[in-house]
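Visitor: I'm new to reading protein structures, and I'd love to look closely at just one part of this one. Could you pick a strand and walk me through its surroundings?

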Amino acid sequence: MTTPVARTAVVPVAEIFELRRSVLRLGLPAQAAVFAEDTAPGTFHIAAYDERGAVRACVTFMPEPLPGDAEPEPAYRFRGMASDPAVRGLGYGVAVLRAGLDQAAARGAGLAWCNGRTSARGFYEHQGFTVTGEEFVVESVGPHYLFTIKLPGRAVRTVVPRP
């Protein structure tokens, strides 16, 4: 059986909010699923839809340099990535991630990154991400890694010494 390619779109946060809340903040007040960056300039949200038009996966991308980068390049951080448990493993999560990475690259980013759950390490590495640094714990969420990926279409940054 082949899985159809999910349709993705850049959407308003209201379109993805319920899935984000129900998967990532279940049992918490709705406000716990609101990100301060949701309406910030440059932030965008991606949804993936099934054949009936239901949102099955989502992610939010925001312009933010990689923490600790001495010479920050244009970068996007993503967070709030969620897939409906009923369709996990069917490509909806990959679809929103790839659409978001493409959109970030089109907006001039050379790098994308996230603080991802340790349990998702295999998923991110399979998508071309690299673990950067040591595992850390996000209070009330659990163990995480910082994952990074270079985006296509950007020149490699070189430092030329000044005379």
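Guide: Happy to; we'll take strand 7 and work outwards from there. Please keep in mind that this is a predicted model.

Let's start with the strand itself. Strand 7 covers residues 142-150 and is mostly covered, with seven of its nine residues buried. To see where this strand belongs, step back to the sheet. Seven strands make an open sheet in the order 1-2-3-4-5-7-6, and their pairing is mixed. The edges are strand 1 (7-11) and strand 6, each of which pairs on one side only. From one strand to the next, the twist averages 25°.

In that order, strand 7 stands between strand 5 and strand 6. On one side, strand 5 (residues 111-117) pairs with strand 7 in the antiparallel sense, over seven bridges. Here you can find tryptophan 113 opposite threonine 148 of strand 7. On the other side, strand 6 (residues 130-138) is also antiparallel to strand 7, and six bridges join them. Try finding valine 138, which stands opposite glycine 142 in strand 7. Strands 6 and 7 form a hairpin with three residues between them. Within that turn, serine 140 has a positive phi of about 70°.

Now zoom in on one residue, threonine 148, which lies in strand 7. Why do we call threonine 148 buried? Its relative accessible area is 12%, and the word applies to anything under 20%. The side chain of threonine 148 makes a polar contact of 3.2 Å with the side chain of threonine 132. Leaving aside residues up to four places away in sequence, threonine 148 touches Leu66, Leu111, Ala112, Trp113, Gly128, Phe129, Thr130 and Thr132. As you trace the strand, one general idea is handy: in a regular strand, side chains alternate between the two faces of the sheet.

One of those neighbours, Phe129, leads us to the aromatic rings. Across the whole structure, a search finds nine aromatic pairs. In one of them, the ring centres of phenylalanine 78 and phenylalanine 129 are 5.8 Å apart and the planes meet at 65°, so this pair is edge-to-face. Phenylalanine 78 belongs to strand 4 (residues 75-83), while phenylalanine 129 is in the loop between helix 3 (121-126) and strand 6, so the pair ties together parts 51 residues apart in sequence. Both phenylalanine 78 and phenylalanine 129 are buried. They also belong to a cluster linked by ring pairs, made up of Phe44, Phe61, Tyr76, Phe78, Phe123, Tyr124, Phe129, Tyr145 and Phe147. Strand 7 spans residues 142-150, and the cluster includes Tyr145 and Phe147, so you can follow the rings back to where we began.

Finally, look at what crosses the sheet. Helix 2 (residues 92-106) lies across strand 7, and also across strands 1, 2, 3, 4 and 5. Helix 2 runs at about 145° to strand 2. Helix 1 (residues 13-24) lies across strands 1, 2, 3, 4 and 5, at about 105° to strand 3. To retrace the main stops, follow strand 7 to its partners, strand 5 and strand 6, and then move from threonine 148 to Phe129.

How values were computed: Residues are numbered from 1 along each chain as its sequence is written. This is a predicted model: local features need pLDDT of at least 70, side-chain atom pairs count only at pLDDT 80 or more; totals for chains, interfaces and linings use all residues. Side-chain values use heavy atoms; hydrogens and water are left out. Buried means under 20% relative accessible area, exposed over 50%, partly exposed in between (1.4 Å probe, protein chains only). Helices (H or I, at least four residues) and strands (E, at least two) are DSSP runs, numbered from the N terminus. Two strands pair if DSSP finds at least two bridges between them. Rings of Phe, Tyr and Trp (its six-membered ring) pair if their centres lie within 6.5 Å; planes under 30 degrees apart count as stacked, over 60 as edge-to-face and the rest as tilted. A polar contact is a pair of N or O atoms within 3.5 Å; within protein, one must be able to donate a hydrogen and the other to accept it, and residues adjacent in sequence count only if both atoms are side-chain atoms. Contact means heavy atoms within 4.5 Å. Axes are lines fitted to C-alpha atoms, for helices over the stretch in contact, and angles run from 0 to 180 degrees between N-to-C directions.
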